[in-house]
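Open your viewer and get comfortable. We will go from the whole chain to a few single residues, and end at a pocket.

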Amino acid sequence: ALSSTALAIGARPLVESPTPAADVQTYRRDGTAWVSEGPLKTAAGQALKPYLPSLAMDESSLVVGDPVAGAGAVHAYRRADGGWEPVATLTSTMVGNNLGPVVALAGDALAVGVPEFQTGGTTTGGVLLFSRADGGWTQVGFLRPPAEGTPRFGYSLAFASSGLAVG
């Protein structure tokens, strides 16, 4: 994920293991160079170790989708003191597994893809919508596919000036 002043890079581990994970490395722009800020940390001060992370950011916020963590999670950070400070871990009991393989961020709006969401035993997919107010994130909606037989809705997301595009 890239903004004009920051960069975050997530990696897949090279070796499969019982606890596969890789760091999310962060950088800040210093003139024409990128300076490492190191790996993201959890609220407990440990390195965040998502498996197959998805990333989205703007100048002051960074979100990391972690679809393999339990039922999946999205870790939200804010820019603070030259680094990134954890502010929330977002989950949802309504979607089952695989929350967060794709995330999109636009200001105080966050869309989280749930392409493995099932309705009546059929994988249809969906998109969770969150809104930020007073520094916290609240789930405000859930988008379902517009038509029957639309598999894996929410596998790609992008905010545009007129709304959210979902594939």
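Here is the tour, stop by stop.

**Before you start.** This is a predicted model, in which local features need pLDDT of at least 70 and side-chain atom pairs count only at pLDDT 80 or more, while totals for chains, interfaces and linings use all residues. Residues are numbered from 1 along each chain as its sequence is written, and side-chain values use heavy atoms, with hydrogens and water left out.

**Stop 1: the whole chain.** Show the protein chain as a cartoon: you will find 15 strands and 0 helices. Both are DSSP runs numbered from the N terminus, with at least four residues for a helix (H or I) and at least two for a strand (E). The radius of gyration is 16 Å, close to the 15 Å that the globule rule gives for 167 residues, so the chain is as compact as a globular protein of that length. That radius is taken over C-alpha atoms, and the rule is 2.2 Å times the number of residues to the power 0.38. Along the principal axes, the C-alpha atoms fill a box of roughly 50 × 40 × 30 Å.

**Stop 2: Asp66.** Select Asp66 in strand E5, which covers residues 61-66. Is Asp66 buried or exposed? Asp66 counts as buried, at 7% relative accessibility. (Buried is under 20% relative accessible area, exposed over 50%, and partly exposed in between, with a 1.4 Å probe and protein chains only.) Now display what Asp66 touches beyond four places in sequence: Pro50, Tyr51, Gly72, Ala73, His75, Leu99 and Gly100. A contact here means heavy atoms within 4.5 Å.

**Stop 3: Leu164.** Move on to strand E15 (residues 163-166) and pick Leu164. Leu164 is partly exposed, with a relative accessible area of 27%. Leaving aside neighbours within four places in sequence, its contacts include Ala111, Val127, Leu129 and Phe159. For a distance check, draw a line from Leu164 to Ala133: the two are 31 residues apart in sequence and 19 Å apart in space, C-alpha to C-alpha.

**Stop 4: the largest pocket.** Finally, select Thr119, Thr124, Pro145, Ala147 and Glu148. The largest pocket has a volume of about 190 Å³, and of the 10 residues that line this pocket, those five are the closest to its centre. (A pocket is an open set of points on a 1 Å grid where a 1.4 Å probe fits, with protein on both sides within 12 Å along at least five of seven lines; lining residues have an atom within 4 Å of a point. The volume is the space filled by probe spheres set on the points.)
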